[in-house]
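Let's take a friendly walk through this model, starting from a single residue and then stepping back to the whole chain.

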Amino acid sequence: MADPKDDGGGVVSGPHLPAEIQNQTVSEVAWIHYENSAILTVSNHVITRNERITVSRDKRQNTYFLHIRDVRETDTGKYMCQINTASAMTIAGYLTVVVPPDIVDNESSGDVIAQEGNDIKLRCRAKGSPRPTVTWKREDGQHITVNKSTTVPEYTGEVLQLSKVSRMDMGAYLCIASNGHPPTVSKRILVSVDFPPMLWIPHQLIGAARGKTVVLECFTEAHPTSLNYWTRGDGNMIYDSMKYRIENRVGNPEYKIHMLLTVRYLDEDDFGTYRCVAKNPRGETDGSIKIYDSGPPPTSPPPPTTEAEVFEKINNGEELDLREQERSLNLPAIGPSSGTRGAYSVLPLAGVAGAASLLWARRF
């Protein structure tokens with residue numbers, strides 16, 4: 001045998017274990033699985049009932065080979081080649097079977113729902129050879145908050161415990177198992193954190209004049225998603241109509257909602273209190289916004305629409321907006337050159353009470 005004193009053996013990476021016999025008159029050579037205390041073969045005969053095991057001999061090199069087909073993780077272990085001489089001689093080798101990682105789903109956590117402030121324990125059981133390492137990461141790339149004092153980009157270990165979770169901990173967590181032998185595998189676990197609605201209002205008092213359009217805003221956060229709606233001060237619910245437009249914009253994260261209510265063409269009945277309401281199975285909240293009348297908007301007399309009105313203003317000594325009169329009288333636009341045929345000139349005309357007035361005159 002090559003080295004009868006070597007009983008420690010190196011790692012054998014393949015399914016063929018050789019034992020070379022040198023300068024010996026050999027009666028029998030046996031292969032033994034040390035951990036199982038099982039005799040596998042004797043000379044050219046297979047003793048075990050394992051059909052995956054065979055034995056062969058190279059007579060020229062006087063070498064015996066133990067062959068294992070379809071190698072499995074259970075085949076891992078120490079194998080000994082023993083020569084049955086007057087004093088038995090053995091040599092051992094160790095077979096390591098490499099198995100890519102796999103996640104044991106029925107021993108790992110599924111999606112989790114917890115109330116804000118509670119603890120969460122996530123488990124990810126992985127198997128393989130060598131034993132896989134389990135690493136946790138957040139799918140959105142955010143850091144993992146293990147507790148108030150510990151925040152890490154990733155966490156190593158089969159169990160991840162989150163202390164006193166908040167809505168900021170909500171999202172998908174990935175447990176990734178690897179052992180240096182591809183493929184690396186992962187499992188996605190969704191963590192949901194429930195909490196009652198809360199809201200804030202950027203402007204609680206809005207002034208506007210009659211005839212104007214205003215937009216009311218409320219920002220809400222809730223999980224599960226809240227039912228959001230608007231009411232008037234008398235408690236009547238507001239619906240989409242020609243007067244009102246309701247819009248809910250989903251934010252990031254999705255538990256944030258931007259509520260908007262557009263009130264068109266304010267009249268006397270539209271002034272008063274409006275309420276935005278948010279409710280979910282965990283609770284309910286609301287806030288109020290008041291619209292008040294800020295006074296009449298600045299007004300100017302409407303432009304005259306007929307020639308008679310234009311000349312009446314002229315005779316009254318009133319000042320005219322040239323381009324408005326141009327539109328009122330359906331005249332062509334004032335051109336840059338007063339010498340072009342068809343253009344118009346502005347001529348001074350004495351008005352009542354000495355006021356200067358203007359009259360359109362066409363050049364031919």
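His258 sits in strand β25, which spans residues 256-263; strands here are DSSP runs of E with at least two residues, helices are runs of H or I with at least four, and both are numbered from the N terminus. This is a predicted model, in which local features need pLDDT of at least 70, side-chain atom pairs count only at pLDDT 80 or more, and totals for chains, interfaces and linings use all residues. Numbering starts from 1 along each chain as its sequence is written, and side-chain values use heavy atoms, with hydrogens and water left out.

Is His258 buried or exposed? With a relative accessible area of 14%, His258 is buried, since that term means under 20% (exposed is over 50%, partly exposed in between, with a 1.4 Å probe and protein chains only). The side chain of His258 makes a polar contact of 2.9 Å with that of Glu217; such a contact is a pair of N or O atoms within 3.5 Å, where, within protein, one must be able to donate a hydrogen and the other to accept it, and residues adjacent in sequence count only if both atoms are side-chain atoms. Beyond its neighbours within four places in sequence, His258 is in contact (heavy atoms within 4.5 Å) with Glu217, Cys218, Phe219, Glu247, Asn248 and Arg249.

Now step back to the whole protein. Its secondary structure comes to 2 helices and 29 strands. Of its 364 residues, 36% are buried. Among contacts with a separation of 6 or more, 56% join residues 24 or more positions apart.
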